[in-house]
Amino acid sequence: MEMPQIDGRMEGWLYTIRHNRFGLQFSRKRYFVLHDNNLTSFKSVPSDQNEEPDRRASLDCCIRVTDNGRESFHRKILFIFTLYNTSNHLDQLKLGASSPEEAAKWIRSLQDASQKKFPFPDCEFVSHAEKGLVKFNVSRRSRRKNSVDWTNYSSVNVETIAPDVIAPSPWKIFGCQNGLRLFKEAKDWDSRGRHWDDHPAIMAVGVIDGTSEDIFNTLMSLGPLRSEWDFCFYKGSVVEHLDGHTDIVNIQLYSDWLPWLMNRRDVLLRRYWRREEDGTYVILCHSVYHKKCPPTKGYVRACLKSGGYVVTPVNKGKQSLVKHMVAIDWRSWNLYMRPSSERSITIRVVERLAALREMFKAKQGHGFAEFVSGEFMQTKSSLSKINTLPFKKEAKRIDLELVKVEEMEKPSSARNSLMDLNDASDEFFDVPEPNESYEFDSLIENSPFSQGHSQLKLPSPSGIVKKLQDLANNKKGYMDLQEVGMDVNSTFIYGATLQQDPNLTMPCSWSIADPSTFLIRGDNYLNDQQKVKANGTMMQMVGADWISSDKREDDLGGRLGGLVQEFGAKGGPEFFFIVNMQVPGSAMISLALYYMLKTPLEEHPLLHSFVNGDDAYRNSRFKLIPHISKGSWIVKQSVGKKACLVGHALEVRYTRGKNYLELDIDVGSSTVARGVTNLVLGYLNNLVIEMAFLIQANTAEELPELLLGTCRLNYLDVSKSLKER
């Protein structure tokens, strides 16, 4: 079901995701209406314009909406997003949509609505401590105007968004087969006469008559539908669901299409997905090791170096341009298996894109209700996970949860928060689904626990206890095949822990990237929407840190003995801008980039406004343009080349010092960003990463834009990060 958006108004069914008084997670279906910066909810579709809503929310410009991805909640697969108060993260509202398109439209609309009360850039901002993010209360009156039906909504702008980086294509066409263009990843040695490496990256490109959402759901499915187009696929299952955007899947392949005498193959993959603003879906996979899924007897485990799909809407969303890429080591030890034979197998794999195209063509005009994939139900531990996963955070806090429930039952006048939209009575009331009983029967029938049993077998108390103990250990269940350890170091100067290499050859070093690689808004951008090459930077990069620690390392600019404090002690006019990107993991990795402004800050009005502005203003202006100039396809595709408003996607802590401003960016605050970063870390030693930073210009007086600075990071190595005590 699609959503209407007329004059800033949207409405439709969503699911509220909550925990009950026993610590178990549950969902409740509610009808939400978003108009201007007001969000209201009903237990049924309003019958007239003056019907009073059950709950009402008023959003302000400090709101944050995060995309939590794809989750399974009691027989339903939902796409989750969370609204939360930046000044109080316990004050939040988690909602679910029935499709990724619905979730994306709600996320964007909620973000836009939160800015309407104080439109940028002329609003006067207040600090997070002075004003809460969202105030919710039980409404006494509702005036509804021009109610519309979501089924009449059509997407307005689904064409591809142009990249903000100028870079040559890494692909070279080598053939056309079954209506697909076939490419191989271009290498430096192509010009020297060698055209193929041992395990080449091969990509097939074709146009499919289907929406990007339908194709995405089809590609994610590991159920019976997959056998209608994927001739390589025998069976598959989810080994571990890591988060809403990432899981570990095991896929066994048919042997019929493999060469004679070649043993059956399977792959164990870390699968990550995301949706771009233009409706493009990206699915990326690479091989991992998992203790719960060792190699199976009778199968040889192939190693997928990188692979996946990119599904981009074209022709106003009626068709999709699909790219399918595979770079795989088939692990063949037979002498008769030449590299050319392995290459032909890989080409055969990407040709299944033609079968997908033909399936959509054959089913054109028919519904795709069966597209909702069943891999959550095929997981060996899926049913026990449904019953025990909520205890991961709540089992030891049931008493505290009871207190929270009692607080929620207090009159609304005592509390003004996001939690006010969660009525305590919702725990016992839900809107019935038309096919709920059918879905539940399908869940039991498809479950591995149901084979040979007539009833659903519930876990025993001892099993629950064991599961709780396993969750308490909080151990990572898989390991990337490219993972490395970390050395321990102790003494260093902040701002100089990563060495500089102007020659661009030394590993684990930094240098300045060419500004002309990046596109920024020109003088006439407000009229023609065209971007131009940057021709310089406002600030000079003077240092970088590459640090590992067991906690967040904030305010590096304020550390005694560091580069910033050294200049500050001299009393000079220099001003520093520090971008500190913090990556969570077994250890917190901090990549801090130091930029210095030699001229007075007042001579740069936009930068001056940013440095002295409110956090909400800063979040709406600071942009990062990423670019992987050297690296594998999977990493380039995961990072992309599009500018991003960092403060809208991630949590940023701003520290204003006497002669500096530091941005401490928590990469782990977003499920999407965390998935990208984990993938990048696995390939880090083989990457050259370029970035540019700027403050977005929104008015004619602020144009043209000017880059704050650029950087180039050469083959970083986590094992060479310096340990902070």
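The largest cavity in this predicted model has a volume of about 340 Å³. A search of the whole structure turns up five cavities of 30 Å³ or more. Of the 26 residues that line the largest one, those closest to its centre are Arg 226, Ile 251, Leu 269, Leu 304 and Arg 352. If you sort the lining by residue type, you find 19 nonpolar residues, three polar ones and four charged ones.

Which elements each supply at least two residues of that lining? They are helix 2, strand 13 (246-253), strand 14 (264-275), strand 15 (281-290), strand 17 (303-314) and strand 18 (319-329). Helix 2 deserves a second look: eight of its nine residues are buried, and the helix is mostly covered. Its buried residues are Ser 212, Glu 213, Ile 215, Phe 216, Asn 217, Thr 218, Leu 219 and Met 220.

Another residue to pick out on the screen is Pro 200, in the loop between strand 10 (180-185) and strand 11 (202-208). Pro 200 is buried, because its relative accessible area of 6% falls under the 20% cut-off. Pro 200 and Lys 305 are 105 residues apart in sequence, yet their C-alpha atoms lie 9.8 Å apart in space.

**Charged pairs**

Side chains of opposite charge can pair when their charged atoms come close. How many salt bridges does the structure hold? The count is 22, and three of them are set out here.

| Pair | Closest N to O distance |
|---|---|
| Lys 363 and Glu 228 | 3.0 Å |
| Arg 274 and Glu 276 | 2.8 Å |
| Arg 521 and Glu 705 | 3.9 Å |

Take the pair of Lys 363 and Glu 228, whose side chains meet in a salt bridge. Lys 363 sits in the loop between helix 4 (352-362) and helix 5 (375-378), and Glu 228 in the loop between helix 2 (212-220) and strand 12 (233-243), so this contact ties together parts that are 135 residues apart in sequence. Lys 363 is buried, with a relative accessible area of 17%, whereas Glu 228 is partly exposed at 43%.

In the pair of Arg 274 and Glu 276, is each partner buried or partly exposed? Arg 274 is buried, with a relative accessible area of 7%, while Glu 276 counts as partly exposed at 28%.

The salt bridge between Arg 521 and Glu 705 has its closest N and O atoms 3.9 Å apart. Arg 521 belongs to strand 22 (residues 519-521) and Glu 705 to the loop between strand 31 (688-695) and strand 32 (707-714), so the two tie together parts that are 184 residues apart in sequence. Arg 521 and Glu 705 are both buried.

Salt bridges can also be followed from residue to residue: Arg 552, Asp 554, Arg 653 and Asp 666 are linked in a network of them.

**Aromatic rings**

The model contains twelve aromatic pairs. In one of them, the ring centres of Trp 13 and Tyr 31 are 5.3 Å apart with the planes at 80 degrees, so the pair is edge-to-face. This pair links distant parts of the chain, with Trp 13 in strand 1 (residues 9-19) and Tyr 31 in strand 2 (residues 25-35), 18 residues apart. Both Trp 13 and Tyr 31 are buried. Trp 13 has a charged partner too: the charged end of Lys 29 sits over its ring, 5.1 Å from the centre.

How are the rings of Phe 610 and Phe 622 arranged? They form a tilted pair, with 6.2 Å from centre to centre and 40 degrees between the planes. Phe 610 lies in helix 13 (residues 605-612) and Phe 622 in strand 27 (residues 622-630), so the pair ties together parts that are twelve residues apart in sequence. Phe 610 is buried, with a relative accessible area of 0%, and Phe 622 counts as buried at 1%.

Phe 610 and Phe 622 also belong to a cluster, in which ring pairs link them with Phe 577, Tyr 595, Tyr 654 and Phe 693.

To finish the tour of the rings, turn to Phe 231: Arg 348 lies over its face, at 4.9 Å from the ring centre.

Technical notes:
Residues numbered from 1 in each chain as written. Predicted model: local features only at pLDDT ≥ 70, side-chain atom pairs only at ≥ 80, totals over all residues. Heavy atoms only, no water. Salt bridge = Lys/Arg side-chain N within 4 Å of Asp/Glu carboxyl O. Helix = DSSP H or I, 4+ residues; strand = E, 2+ residues; numbered from the N terminus. Buried < 20%, exposed > 50% of the residue type's maximum accessible area, 1.4 Å probe, protein only. 1 Å grid on protein atoms, 1.4 Å probe; cavity = no way out; pocket = protein on both sides within 12 Å on 5 of 7 lines; lining within 4 Å. Points joined across faces, edges and corners; volume = space filled by probe spheres on them. Nonpolar A, V, L, I, M, F, W, Y, C, P; charged D, E, K, R; others polar. Phe/Tyr/Trp six-rings, centres within 6.5 Å; stacked < 30°, edge-to-face > 60°. Lys NZ or Arg CZ within 6 Å of the ring centre and 35° of its normal.
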